[in-house]
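Me: Could you take a close look at one helix-to-helix packing in this protein, and then place it within the rest of the chain? I would like a connected account rather than a list.

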Amino acid sequence: IFPCVFQAILIFCWVYVRKYQSRRESEVISTITAIFALAVALISSALLPVDIFLVSYMKNQNGTFKDWADANVSRQIEDTVLYGYYTLYSIILFCVFLWIPFVYFYYEEKEEDDGNTCSQVKTALKYTLGFITICAVLLLIGAFVPLDIPNKKNSTEWEKVKLLFEEFGSSHGLTALSFSISSLTVIGMLAAITYTAYGMSALPLNLIKGTTSAAYERLENTEDIEEVEQHLLRIKSKCRDGRPLSSRDRRTVRQLEERLRTLRRRERHLESIEKSWWTKFCEAIRPLKIVWGVFFIIVALLFTVSLFLSNLDKALHSAGFDSGFIILGTNLTNPLNMLLPVLQTVFPLDYILITTIVMYFIFTSMAGIRNMGIWFFWIRLYKIRRGKTRPQALLFLCMILLLIVLHTSYMIYSLAPQYVMYGSQKYLVQVRYIVATYNQLGNVFRSLLYVNEPIPVVLLLAFLLDQCIVTRTYLFLHKFWFFSAAYYFGNWAFIVVFLIGLIVSCCKGKKSVIEGEVDEDDSDMSDDELSVYY
């Protein structure tokens, strides 16, 4: 089944990239890079459901391990999943810090200078070296900055250095990779706040409201053309007796002529769309689009309400900023946390729900980027348009999606922490006398998992008695409390942006049937590719 899934992902990535890339500016290297990066993003998003399924599949419903799931087999499965995370997260680091920047700067240099390839490669490598340096610094910080070093007054500097290397060796590089990935996840959080939160509101409402009629838009566009032409005639009539136009009139004429060219391009696009078979097909499946829009808005509201209640629970009952706002158990139950245990009784409904939420998160991110374009603060860098997207914009889009995918796992953990940590595992209640205080148990658990957070007593006992297996996702999520604190505040910002986007999307009217297809800065040559799409 996995080869079929990989093939489907690659086919989708190829179709998606080819749909949006500009035919006149397409490059083989940038196309392959965009397809590969997008495929890595989608495959990485599938890791979380697979990880949860594997740890859950090793146990029976009564809480006992299955016959085949002995200590060696379970350890092999855990290691396999961990190596999968190592591989994909390393590929993400490679794409974000080396491959995508190199291809981006190579193409930028190629546009500015059509000289020899060697010079372009050297210039691209020079700029990419800055990204490689940042990656190396993050890996070194994660590898050698200790999480918990005993404070020994009599220890020498050499002993401290030796302890750093021993800690690095004992974690097998997990801490270094986790710190680097967590740093990128914070950037992904900002991208999710900007694009995903808006996409979660814009995508469903656009499906429900639909687009305006092509025939109606053509009628309005024809009226606009006639109005502009009449305005031009009135201005040009002033110079019939040989008098030159004033500077103000000449400036107005240039603006009107540019406006007229844009309106005529719109006329050609609208005429082509009105006659296309795709428009007729979309009209036929209009009821299905409404159903999907209603479903998507329900999922978005479920996600947002659950996230709000989870964050509110942390605000009221967590140990505070220094612990990363981690709570001891669940005090305020959210809808998703209630729904997952119910779905666990019918296999595989809970995995279908988690996979749906993850994929919904990805596709709404794509919709948000497509609708907003790519921005750097208040400066709009690129637009994402069908058949007219520049290679640099596609590379940016794929990089943003890679970063958002990294943040997806923590978003799901915020909604259902125990489910993401243990899946649907159950444990047997065994009466054992343990001579230890709660704080001592917590210290043992944190040292075993390399985390610095308070842990619920029930989870402590389940872990210490070897009753449950922790997902590998959790190991990457919670090694540094300050990242957890950043995610907490990011969740509040996500909710606020979603609500603003929901209000804006509700107030906006229907989208134009050629929304984003025609801009004033387009050339007339861009109309030559109309037949490819319509």
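Reply: Helix 2, which spans residues 28-45, packs against helix 14 with the two axes 9 Å apart and an angle of about 15° between them. Since angles under 35 degrees count as roughly parallel, helix 2 and helix 14 are roughly parallel to each other, and the crossing that helix 2 makes with helix 14 is left-handed. The coordinates behind these values belong to a predicted model, and every figure here is computed from them.

On the helix 2 side, the residues that meet helix 14 are Ser30, Thr33, Ala34, Ala37, Leu38, Val40, Ala41, Ser44 and Ser45. Their partners in helix 14 are Pro391, Leu394, Leu395, Cys398, Leu401, Leu402 and Val405. A general point helps in reading such a pattern: an α-helix has 3.6 residues a turn, so residues three or four places apart point the same way.

Both partners can be set beside the record. In an unreviewed entry, UniProt lists residues 28-48 and 393-413 among the stretches given as "transmembrane region", alongside others that include 174-198, 351-381 and 482-504. In the model, residues 28-48 are 95% helix and 0% strand, with 32 Å between the end C-alpha atoms, while residues 393-413 are 100% helix and 0% strand, with their end C-alpha atoms 31 Å apart. The "coiled-coil region" that UniProt gives, again from an unreviewed entry, covers residues 246-273, and there the model is 96% helix and 0% strand, with the end C-alpha atoms 41 Å apart.

Helix 14, residues 391-415, also has a part in covering another element, namely helix 12. The buried residues of helix 12, which runs from 335 to 343, are Leu336, Asn337, Leu340 and Leu343. Because these residues cover an arc of only 130° around the axis, they lie on the same side of helix 12. What covers them includes, besides helix 14, helix 11, helix 13 (349-372) and helix 15 (417-422).

Helix 11, residues 286-317, holds Asn311, a residue that counts as buried because its relative accessibility is 0%. Once neighbours within four places in sequence are left aside, Asn311 is in contact with Tyr488, Asn491 and Trp492.

Tyr198 in helix 7, residues 174-209, offers another view of contacts across the sequence. With a relative accessibility of 17%, Tyr198 counts as buried, because the cut-off for that class is under 20%. Not counting residues up to four places away in sequence, Tyr198 touches Gly368, Asn371, Met372, Val497, Gly501, Ser505 and Lys508. Of these, Gly501 is 303 residues from Tyr198 along the chain, yet their C-alpha atoms are separated by 5.1 Å.

Leu125, placed in helix 5, residues 117-144, is partly exposed, with a relative accessible area of 44%. Leu125 and Pro101 are 24 residues apart in sequence, and 8.9 Å lies between their C-alpha atoms.

For the chain as a whole, the model has 20 helices and 2 strands, and 47% of the 534 residues count as buried. Among contacts with a separation of 6 or more, residues 24 or more positions apart account for 80%.

Terms used. Residues numbered from 1 in each chain as written. Predicted model: local features only at pLDDT ≥ 70, side-chain atom pairs only at ≥ 80, totals over all residues. Heavy atoms only, no water. Helix = DSSP H or I, 4+ residues; strand = E, 2+ residues; numbered from the N terminus. Buried < 20%, exposed > 50% of the residue type's maximum accessible area, 1.4 Å probe, protein only. Contact = heavy atoms within 4.5 Å. Arc of directions from axis to C-beta. UniProt positions renumbered as here; feature names shortened; annotations may be inferred. Axes fitted to C-alpha atoms, helices over the stretch in contact; angles between N-to-C directions. Parallel < 35°, antiparallel > 145°, perpendicular 65-115°, else oblique. Left-handed = near helix turned anticlockwise from the far one by under 90°.
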